[in-house]
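Subject: Structure handover

Hello,

Here is the structure for you to look through. My notes on what turned up in it follow below.

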Amino acid sequence: MLLRPLQRRDARQWRAVRAANAAWLRPWEATSPEGADPPPTFGQMVRAFSREARAGRMLPLVVEVDGALAGQVTVSGVTWGSLRSAHVGYWIDRRLAGRGLMPLAVALVGDHCFRVMGLHRLEVNIRPENTASLRVAEKLGMRDEGLRERFLHIDGSWRDHRTFAVTAEEVPEGLVARLRTGGRRT
């Protein structure tokens with residue numbers, strides 16, 4: 001597996017993987033409450049993500065498996081100052097789900113956020129029905145912080161999410177090391 005920045009040259013592969021997984025991802029994808037605006041083009045999305053990354057507010061990464069685009073991990077909502085926190089979102093090609101790739105990708109990104117970027121806290125927000133994503137948080141031993149009612153607009157409605165978090169102090173050995181222990185907290 002390789003994690004690298006999302007680039008404009010990924011357009012063809014990204015669109016193909018997203019199209020093949022549209023029905024599988026739809027229940028978990030953020031939507032606009034207004035619903036009227038067309039989604040950005042791939043080029044517009046990459047430019048916006050790159051601008052946010054340069055400003056230190058986002059880290060958009062492609063997950064490659066055997067040289068092919070397989071998913072994405074995005075660190076967003078990066079807040080500096082006294083908070084030093086961010087949200088992590090992710091998706092993977094359904095054909096590769098359940099192989100432990102996404103927990104490893106999130107762990108690698110988390111270790112980068114804590115050790116290189118200097119963030120203090122990471123959180124993921126997951127719909128309670130999304131058992132695959134709940135399993136990622138479980139495998140990483142993330143702390144369940146409870147339910148956020150009507151937290152995000154997903155698939156046309158405001159949806160509840162469970163919030164899971166981890167701080168740098170909780171994983172001095174890193175998230176990859178914690179993943180190797182089956183998510184056990186030390």
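β2 and β3 form a hairpin, with two residues between them. Asp66 sits in the turn and has a positive phi of about 50 degrees. Bear in mind that this is a predicted model.

The hairpin strands, β2 and β3 (residues 68-79), run antiparallel and are joined by seven bridges. Within that pairing, Pro60 stands opposite Thr74 of β3. β2 also pairs with strand β1 (residues 2-5). That pairing is antiparallel too, with four bridges. Here Leu3 has Val63 of β2 as its bridge partner.

How enclosed is β2 by the rest of the structure? Largely, because seven of the seven residues of this strand (residues 59-65) are buried. Both of its faces are covered. On one side the buried residues are Leu59, Leu61, Val63 and Val65. On the other side they are Pro60, Val62 and Glu64.

Next, the cores. Nonpolar side chains tend to be buried together in soluble globular proteins. The largest nonpolar core in this model has 36 residues. Tyr90 and Met102 have the most contacts inside it. Several elements each supply at least two residues of this core, including β2, β3, β4 (85-92), α5 (131-139), β7 (157-167) and α6 (175-180). The largest share comes from α4, with eight residues.

What does Tyr90 touch, not counting residues up to four places away in sequence? Its contacts are Gln72, Val73, Met102, Val106, Val124, Ile126, Ser133 and Val136. Apart from the largest core lies another, of 13 residues. Trp14, Leu25, Phe42 and Val62 are among them. Val62 is also one of the buried residues of β2.

Last, the cavity. The structure holds one cavity of 30 Å³ or more. The largest cavity contains about 40 Å³ of space. Its lining consists of Val88, Val106, Gly110, Leu122, Val124, Leu140, Met142, Val166 and Leu175. By class, that is eight nonpolar residues, one polar and no charged ones. α4 (101-117) and β5 (121-126) each supply at least two of the lining residues. Both elements also each supply at least two residues of the largest core. Val106 and Val124 line the cavity, and both are touched by Tyr90.

Over to you.

Best wishes

Note on methods:
Residues numbered from 1 in each chain as written. Predicted model: local features only at pLDDT ≥ 70, side-chain atom pairs only at ≥ 80, totals over all residues. Heavy atoms only, no water. 1 Å grid on protein atoms, 1.4 Å probe; cavity = no way out; pocket = protein on both sides within 12 Å on 5 of 7 lines; lining within 4 Å. Points joined across faces, edges and corners; volume = space filled by probe spheres on them. Nonpolar A, V, L, I, M, F, W, Y, C, P; charged D, E, K, R; others polar. Buried < 20%, exposed > 50% of the residue type's maximum accessible area, 1.4 Å probe, protein only. Pairing = 2+ DSSP bridges. Core = buried A, V, L, I, M, F, W, Y, C linked by side-chain atoms within 4.5 Å. Contact = heavy atoms within 4.5 Å.
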